[in-house]
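Please find below some notes on this model, set out as numbered points. They are meant for someone looking at it for the first time.

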Amino acid sequence: MPLSLLIPAALLGLAALVVPVVVHLRRRPRSREVPFPSLMFLARVPVKADQKRRLHYRALLALRALALTLLVLAFARPYFTGDTALAAAGDGPTERVVLLDRSWSMEAPGRWAEAVSAVRAAVADPGPLDRASLVL
């Protein structure tokens, strides 16, 4: 089942997958520093940078990346090509809706008769389960 993309350039949007990773890597806990008098004379211990660079909430990151991937694929508009696309469409019942203009523009000589014959041709030879609708 060959699959093609209507807008393959939209796949460049997959570069947006970098955004959740950067957000997760840059995530810093917001803590408020409260001065405490008895701790003023203690030495400060530096926080290891490795802990800050670790990915937190891996499941959330995976879901965000999956959502972005599906969004990019939707914008790329995939479709099936070849005979398999026709086979998937099937030969089931069809419904046709015909819109017929009744404004003043249709009063030109021969225009209304031409429109009626076009409607008759559009709904000619229906199948047993086919439906047709006329909207004026």
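1. In this predicted model, strands β3 (residues 95-99) and β4 (residues 131-135) run parallel to each other and are paired over 5 bridges. One of the residues involved is Val-97, whose bridge partner in β4 is Ser-133.

2. Between β3 and β4 the chain passes through helix α5, which spans residues 111-122. The resulting β-α-β crossover is right-handed.

3. Thr-94 belongs to the loop that links α4 (83-89) with β3. Is Thr-94 buried or exposed? Neither label applies: its relative accessible area is 39%, and because the range between 20% and 50% counts as partly exposed, Thr-94 is placed in that class.

4. Which residues does Thr-94 touch, leaving aside those up to four places away in sequence? The contacts are with Asp-130 and Arg-131. Arg-131 is also where strand β4 (residues 131-135) begins. Gly-127 is 33 residues from Thr-94 along the chain, and the C-alpha atoms of the two are separated by 8.2 Å.

5. A separate point concerns the surface. Leu-63, Leu-66, Leu-70 and Leu-73 make up a nonpolar patch there, and their accessible area together is about 380 Å². Leu-66 is part of helix α3, which covers residues 58-76.

6. How is Leu-66 classed by accessibility? Its relative accessibility is 48%, so Leu-66 counts as partly exposed, since exposed would require over 50%. A place in a patch calls for over 30%, and Leu-66 at 48% meets that cut-off.

Definitions and conventions
Residues numbered from 1 in each chain as written. Predicted model: local features only at pLDDT ≥ 70, side-chain atom pairs only at ≥ 80, totals over all residues. Heavy atoms only, no water. Patch = residues over 30% accessible without salt bridge, like charges linked within 9 Å, V, L, I, M, F, W, Y side chains within 5 Å. Areas by Shrake-Rupley, 256 points an atom, 1.4 Å probe, with all protein chains shown as cover. Salt bridge = Lys/Arg side-chain N within 4 Å of Asp/Glu carboxyl O. Helix = DSSP H or I, 4+ residues; strand = E, 2+ residues; numbered from the N terminus. Buried < 20%, exposed > 50% of the residue type's maximum accessible area, 1.4 Å probe, protein only. Pairing = 2+ DSSP bridges. Right-handed = clockwise from strand over helix to strand, strands pointing away. Contact = heavy atoms within 4.5 Å.
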